[in-house]
Structure formats: C-alpha cells, structure tokens
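Trainee: Got a minute? I'd like to go through this one with you, pockets to begin with.
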Amino acid sequence: MNKTESATKEIGNHLEVFFYRAPKKNHDAIAANLKKFVPWFERAGVRIDYFQFAESKLMEGMSMQGLDKALSAGEDEEVWVELQYYRDSRHRDDTFTKMMQDKSLEPLGNEFFGLITRGSSLVTGSFNRLR
C-alpha cells in the first residue's frame, strides 16, 4: 500500500453523515457556502465531500422509499448530503470542539443555516468502518 492509500484508509475509519434540504433557488448560494468550509476541514485532517441528490432508482419488488421522500423534500427543494471522514471518533470529537471554538466559522455557519429549508433540521449519523 502506498502512502496515499494508507492516508486515505486511515482517515476513513469514522464517517459523519449529514442530510439536509434546501430550496432549489438557493442552489448556487449553498454550493458556494459549502466550498468555503473545505479548507478548514482539510487543515483539520478531515476529508469532506458534498453531494446534491439526483434521483431515487427504486428496484421493483423491493420495499423501498426514495431518500427525497423519506426526508419529506418538497418539489421546490433539493436534498444534500455531506460526508466527513475522520481517523476515528476521537478525531471527530477534537475537530468538532475546534469548530465550535473557531469564531471565524460563525458567519459561514449562520449563512448555511439561513440557506437550508427553514424549520428543517439536519439528519445525521456516525458510522465506523467495518473491519
């Protein structure tokens, strides 16, 4: 395994996932806002990826529900997912503590919460890599 593969594997042992809804009219603004967080996370040794929901391909004969419906997304909303990759849960805890103490992130955070759907909350979960 080369150095890059080793670092990628190490940083991906713990995953934080966030789903949120945002009005379609805010697409460009939220995309720009999210990109501004990337350098901060990179300096903290965290890989971060953002995705906008494309569609649900439901398989016939399977009891399935599309993510957009599960999150009660309206016709005028987009669903976004944010993936944060950490070495382990301690790395996540340390990073969250630093984030809460970093006053330079407050304006970005306030802007973000002003762009997502009002009255909605982030749906989140923590995952550990299977060994």
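Trainee: What volume does the largest pocket have?
Mentor: About 430 Å³. Keep in mind that this is a predicted model.
Trainee: Which residues are the closest to the centre of the largest pocket?
Mentor: F37, M99, M100, G109 and F113. They belong to a lining of 18 residues.
Trainee: And which helices and strands each supply at least two residues of that lining?
Mentor: There are two strands to look at, β1 (14–23) and β3 (77–86), plus the helices α2 (27–43), α4 (89–101) and α5 (106–115).
Trainee: Where does the largest share of the lining come from?
Mentor: From α5, with 4 residues.
Trainee: How does the lining of the largest pocket split by class?
Mentor: You get 13 nonpolar residues, 2 polar ones and 3 charged ones.
Trainee: OK, next pocket. How much space lies in the second largest one?
Mentor: About 200 Å³.
Trainee: Which residues line the second largest pocket?
Mentor: Going along the sequence, you have K24, then Q52, F53 and A54, then D68 and K69, and finally A73, G74, E75, E77, E78 and V79.
Trainee: And by class, how many nonpolar, polar and charged residues are in that lining?
Mentor: Here 6 are charged, 4 are nonpolar and 2 are polar.
Trainee: Which element gives the most to this second lining?
Mentor: β3 does, with 3 residues. Helix α3 (67–70) also supplies at least two.
Trainee: Switching to side chains. Where is E16 found, and is E16 buried or exposed?
Mentor: E16 sits in strand β1, and its relative accessible area is 3%, so E16 counts as buried.
Trainee: What does the side chain of E16 make a polar contact with?
Mentor: The side chain of S126, at 2.5 Å.
Trainee: Which residues is E16 in contact with, leaving aside neighbours within four places in sequence?
Mentor: From β3 outward in the numbering, the list has E82, L83, Q84 and Y86, then R92 and F96, then T124, G125 and S126.
Trainee: What about H14, which strand does H14 lie in, and is H14 buried or exposed?
Mentor: H14 is in β1, and H14 is buried because its relative accessibility is 3%, below the 20% cut-off.
Trainee: Which side chains does H14 make polar contacts with?
Mentor: One polar contact, at 2.8 Å, is with the side chain of N128. Another goes to the side chain of R92, at 3.3 Å.
Trainee: And what does H14 touch, not counting residues up to four places away in sequence?
Mentor: The list includes Q84, Y85 and Y86, along with R87, D88 and S89. R92, S126, F127 and N128 are on it too.
Trainee: Last topic, rings. How many aromatic pairs turn up in the whole structure?
Mentor: A search finds 4. One of them joins W40 and F41, edge-to-face, with 5.3 Å centre to centre and 85 degrees between the planes.
Trainee: Are W40 and F41 buried or exposed?
Mentor: W40 is buried at 10% relative accessible area, and F41 is buried at 2%.
Trainee: Why is the F112 and F113 pair called edge-to-face?
Mentor: Because their planes are at 80 degrees, and over 60 counts as edge-to-face. The ring centres of F112 and F113 are 5.0 Å apart.
Trainee: Is F112 buried or exposed?
Mentor: Buried, at 6% relative accessibility.
Trainee: Which residues form an aromatic cluster with F112?
Mentor: Y20 and F113.

Conventions. Residues numbered from 1 in each chain as written. Predicted model: local features only at pLDDT ≥ 70, side-chain atom pairs only at ≥ 80, totals over all residues. Heavy atoms only, no water. 1 Å grid on protein atoms, 1.4 Å probe; cavity = no way out; pocket = protein on both sides within 12 Å on 5 of 7 lines; lining within 4 Å. Points joined across faces, edges and corners; volume = space filled by probe spheres on them. Nonpolar A, V, L, I, M, F, W, Y, C, P; charged D, E, K, R; others polar. Buried < 20%, exposed > 50% of the residue type's maximum accessible area, 1.4 Å probe, protein only. Polar contact = N/O pair within 3.5 Å; in protein donor to acceptor, adjacent residues only side chain to side chain. Contact = heavy atoms within 4.5 Å. Phe/Tyr/Trp six-rings, centres within 6.5 Å; stacked < 30°, edge-to-face > 60°.
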